[in-house]
Amino acid sequence: MIDTPKVDWFALGPTLALLGASGVALLASVLVPAWMRKGVAAGLAFLGFALAAILGGAVFAETASPETTIAGSMVQDRLGAFAQVVVGAIGAIVVLVSWAEPRRSHRGEYYALLAAAGAGMVFFVTASNLMTLFLGLEWFSLCLYVLVAYDTHRARSLEAGLKYLIVGGFGSAILLFGSALVYGATGELGFAEIAAAGAGSDPFLVAGLAMVLGGLAFKVSAAPFHMWTPDVYQGSPSSVTSFMSAATKVAAMLVLLRVLTTAFPEEREIWTVAVAVLAAVSLVWGNLAAFAQRDVKRLLAFSSVSHAGFMLVAVAAGTEAGAEALLYYLVPYAAMSVGAFAVVAARERELGRDVSLEDLAGLGWERPLLGLSLWVFMLGFAGFPLTGGMFGKLFVFTAAYEAGDWWLVVLGVLATAVSIAYYLNVVRWLYMRTGADLGVALAGGSPPRDAALEVAVALTVLVTVGSFFAAQPILDAAADAARSLPF
Amino acid sequence: MSLPARVSAALAALAFVLTLAGWWSGSPGIDLPWAPSLGLRLSFELDGLGVLYSLLATGIGFAVVLYSGAYVPLHLEHQQRPHRDEVRFFGLLLLFMVSMVGLATARDLILLFVFWDLTAIASYFLIGYDRQEAEARTAALMALVVTGVTAVLLLIGTLVLYAEYGTFSIPELVASVEPGGTVTLAATLMALAGLAKCAQVPFHFWLPRAMAAPSPVSAYLHAAAMVAAGVFLLGRIYPFLETSELLLDGLVVVGFASMFVGGIVALTRDRLKQLLAYSTVSQYGYVVVLYGLGDTVGVVGASFYVIAHALAKSALFLTAGAVAEATGERRLSELGGLRRAMPALALGSGLAAAGLAALPLTIGFFKDELFFQAGVERSPGIAVLTILGAALTFAYIGRFWIGVFLGPTRAPAHRVSALLTGPVVALGGLVLVGGLLPEPFVALANAAAEASLGAAASVDVFYHLDARAENLMALSAYAIGAAALAAPRVWRAAAETCARLGERLGPERVYVATIRSLNETSDRIHGIEVRDLRTRIAAILVPGGLLVLLGLLATPTAGAYTVGSLDRGDTALVLVLATAALAAIATTLPRQHLTLLLVAASVGFSLAVVYAFLGGPDVALVAVLVETTLTLLFIGVFALMPRASLRRLAALRTPPTRRWRDPLVGAAAALAAFLVVWGALSRPSVGESVAEEHVRLTPDAHAKDVVTAILTDFRGLDTLGEITVVAIAFFGIATLLRRGRLS
């Protein structure tokens, strides 16, 4: 008799929920009458994401200490569950954002792909060996390649998809090469086993670590691996951008943290320096590049690079406090990011073209909810109070300061200073001008109200502001999740 | 008055009364947990300092709201804006008031920061209230950028203290701080935030710009809210400040610099509000000096000064607004003789001006008395500077009031609402009351100082009719100030030069230049941000390579690379490998697509031969098969593509930058791959393999060959998964082809 690995269906729950939703949505896109395809598929995707978040919550509640499952290929712990809840929530909101997006064909398949990408992400965050890590990464990346290029009638979307595919292929290849080197050096694939192998300062292990770090830095769009970010964020359908900017970043950031702390604890001195350098480059480059952008999606893309920098500052601390700070940071960041792109998506649909800063003129007056929300998101990105962005920055800086990375704190302060100028510039356009001043005309008169999107935006505002007032529950969850990692 | 104005006025009055009642009943407070694991609490307490600034915020706020009730409708009418904009004005004003009260009573540094930024946000929208004017928009942004950026310093100072002492609570921190580098660093960062907010040199440039706001906003901003918040912070963190002598001395220097810069520029301004704005810079300079001089007299003096200044300055700003409303003129050179047309306003603002100029019988006399006293206690040099500062104040305020109300009538004034003059007269009256009955004001200042010092403060003020130092200093200040007023020709040119110099070299230039250079850098980055695919791939590979290189530099490599030996039997293998390498290099040369494809295929075929030599005929077969299929596929694609565009692409010349870059990237990649392969081959191979186990178990699985056993048994689940994937892929293809073609 051959021993078969035990399959823990509970731990796989979130992934299966989304995978099931995706599969059924795909079937529905073929079998269901055309007029209800979109509704059925969107509903299924929404349910899948919501169920994934709920199951993630259940895993979080039920898992006191980390356990590996399925022959050590994935781990059931609170860190992964935390990410699953966040990714599930992001996905559900993105389904709402996507609802009214003008799409010529394949309306149902879109949601199937979205759910499949989500399934990949919630699997990815539980990976506990290099093989499942790569599998999860490719799983959601392949879905995203297609989603980015989904607007086949827009040349820019196709271009972005192709660029993302090719450049992303290189990113994945680097990660795979790095994994092979690590395997070569230790003979192990599991994170804990790699750490236990004690290969110490084996050059192969270090080179592998560097390449794994590079591959993941690509996914979190940390500079200088961010070159794809502005083009892809700008070219993708805005709903896809909102999903990528939030969910991909959350998943990849957490996996980065997990890999570094569980597989390479011995090499902490090396990777903290490398991550600190990546953080510094992201902060400088992201903010400086964002400063003069006129296209709002591009501006937000560079802002997301700079936020990757802030998150990496927390990772570079290499402490439990740093992990907690990162986990907290991700919650308001994800909300603000989804929300900001959703507002841009709304404006894009109104105007029927890419949104530049000038196109935001008067949005604050014409659409009070969207304008006010974008205002909240910008202040949140800049770290102003009444948004979780402030606590995020505070915790990250505190972690870095306590870890002795005072130079990163100084850099972070300078970066924040620069960022305040361009975030406020967005607010200035929202309120200080009117569309009439600049002749911004709506495409085809006043568009119908998009209730789904407005609900989505309201929810993200709620999280952004709520994470400020109710910081404690999130902090508790973050602390519980961070405890799954060996510090 | 409109409904929003009435509601706001009622709320402000209520808040004022409640604050007074709270003070009376002895420092009530709220203390609720917020984020317990961080020790973060929603903790407010109405201590002396809190009472002082809350009373200012609500009391002056009340006067300003009443005034705005008449002013804002007129203002909107001039600008042809809808009346509903009024709601926004009062809403923001109330938000401002609430944030100010919150700031004043916060007992927790994080709460302090929260309200600190809220005042900045409220002020942003109030300064930019006239949003159709570019000047107002720029001013609003500048005010928020300067105060918002420096607010980050406050947050950093907070976290420095938190990292050291593990609490955000101000009373706990005050109880536990010990003089040292950490506290000095934190206090310096916080003080910088405060100085930027109260517009001290070199951060003062945003304040005169902010005069683009409507007059009541300016009055509120300068006297009771935004700018006052800066000195409030100094008062709140005074226990941290006083741990370092150097820091206090720094405050004295900054304070005097602001006093003189503000005062001299105020002497040269023609626009009423600009004059008053620079006078604010100068007046808060006094307060900063007083905090810097420290001790009981200094700290009480600072608090008292804030009260006196708030009453007088708000009255003067409201005067400026009323005058502009009545005459349509905003410049000193166009105004004069208004005492005839607006006697009540002349009286009210006269009292306020007298207060600022520190004439006896006004509350201002005592503010200067305390100022002189603190100066004398420190050193004769400081005392002289205090006299000069007071003389400057006398001169520019005299210039303001005389210029507007005395002399020949230049601009005719029409009647204005009593609401525009009433608050001015009331505030002016308070200035007088404070001069006659200073006790309640001094008590308030003492209470505030007690909160700063952490010890009882009981400074008292009286009129002393003798030749003591303070009185003589006051007299000399009047004399110098009056002389300056009488003979403007003497100093005018010099002051103008100073002001112009400031404009040319001042910090505003630095601000503008910073913004501009940031923009330029950003544009340059935008230019560097590559657009073609190759460079993008290089941008992944090069940093990746750098990371690896750094990692390798950090680890010892001794013994990692060994050189083996070759024997005669390897000759053929070496030859084939060399062929593969040559073919790989050759792929860089052809321009025609088909040639390129064939050369690339030859690399694959040479490698297939290598596999065959190394004893893997099946692998070699697969390689040949794959290579052939792919080559055919590519040929098919080329056949479908338009011939003309292929020819055009083939004819493109390589740009000169690429001629160097591509070989370099290629060489680096090759080197890295070489080192990795070399290193891998240098280590002993792992002996055990799962293959033998599979072969051994094959009979147990009732299979005749190992491949079958693997497919159907050992890896049966994988096979199932693959079948599922293929099925799903069919579905995917079916949906794509639904309409018979790719859409």
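## Burial and helix H2 of chain B

A residue is taken as buried if 20 or more other C-beta atoms lie within 10 Å of its own. In this predicted model, 26 of the 31 residues of helix H2 of chain B meet that criterion, so H2(B) is largely enclosed by the rest of the structure. For chain B as a whole, buried residues make up 45% of its 743 residues.

H2(B) covers residues 48–78. The expected span for its 31 residues, at 1.5 Å a residue, is 45 Å, and the end C-alpha atoms are 42 Å apart, which agrees. The helix nevertheless contains a kink of about 40°, centred on B:Ser68. After H2(B) comes B:Gln80, which has a positive phi, near 55°.

## Overall form of chain B

The secondary structure of chain B consists of 32 helices and 2 strands. Its radius of gyration is 39 Å, whereas the globule rule gives 27 Å for 743 residues; the computed value is well over that figure, so chain B is more spread out than a compact globule. Along the principal axes, the C-alpha atoms of chain B fill a box of roughly 120 × 60 × 50 Å.

Contacts within chain B were also examined by their separation along the sequence. Among those with a separation of 6 or more, 77% are between residues 24 or more positions apart.

## The strand hairpin of chain B

Strand S1 (residues 29–35) and strand S2 (residues 40–45) of chain B run antiparallel and are joined by 6 bridges. Within this pairing, B:Pro33 stands opposite B:Arg41 in S2(B).

S1(B) and S2(B) form a hairpin, with 4 residues between the strands. In the turn, B:Gly39 has a positive phi of about 70°.

## The contact between chains A and B

The contact takes 65 residues from chain A and 60 residues from chain B. On the side of chain A that touches chain B, several helices each supply at least two residues, namely H1 (9–31), H6 (155–186), H8 (203–219), H11 (268–291), H16 (388–402), H17 (406–432) and H20 (471–482) of chain A. H17(A) provides the largest share of this side, with 11 residues.

By residue class, the side of chain A that touches chain B divides into 47 nonpolar, 13 polar and 5 charged residues.

Definitions and conventions: Residues are numbered from 1 along each chain as its sequence is written. Chains are lettered from A and ligands numbered from 1 in the order in which they are written. This is a predicted model: local features need pLDDT of at least 70, side-chain atom pairs count only at pLDDT 80 or more; totals for chains, interfaces and linings use all residues. Two strands pair if DSSP finds at least two bridges between them. Two residues are in contact if their C-beta atoms, placed from the backbone, lie within 7 Å. Ala, Val, Leu, Ile, Met, Phe, Trp, Tyr, Cys and Pro count as nonpolar, Asp, Glu, Lys and Arg as charged, and the others, Gly among them, as polar. The radius of gyration is taken over C-alpha atoms; the globule rule is 2.2 Å times the number of residues to the power 0.38. A residue is buried if 20 or more other C-beta atoms lie within 10 Å of its own, exposed if 12 or fewer, and partly exposed in between; C-beta atoms are placed from the backbone. The expected span of a helix is 1.5 Å times one less than its number of residues. The bend at a residue is the angle between axes fitted to the seven residues ending there and the seven starting there.
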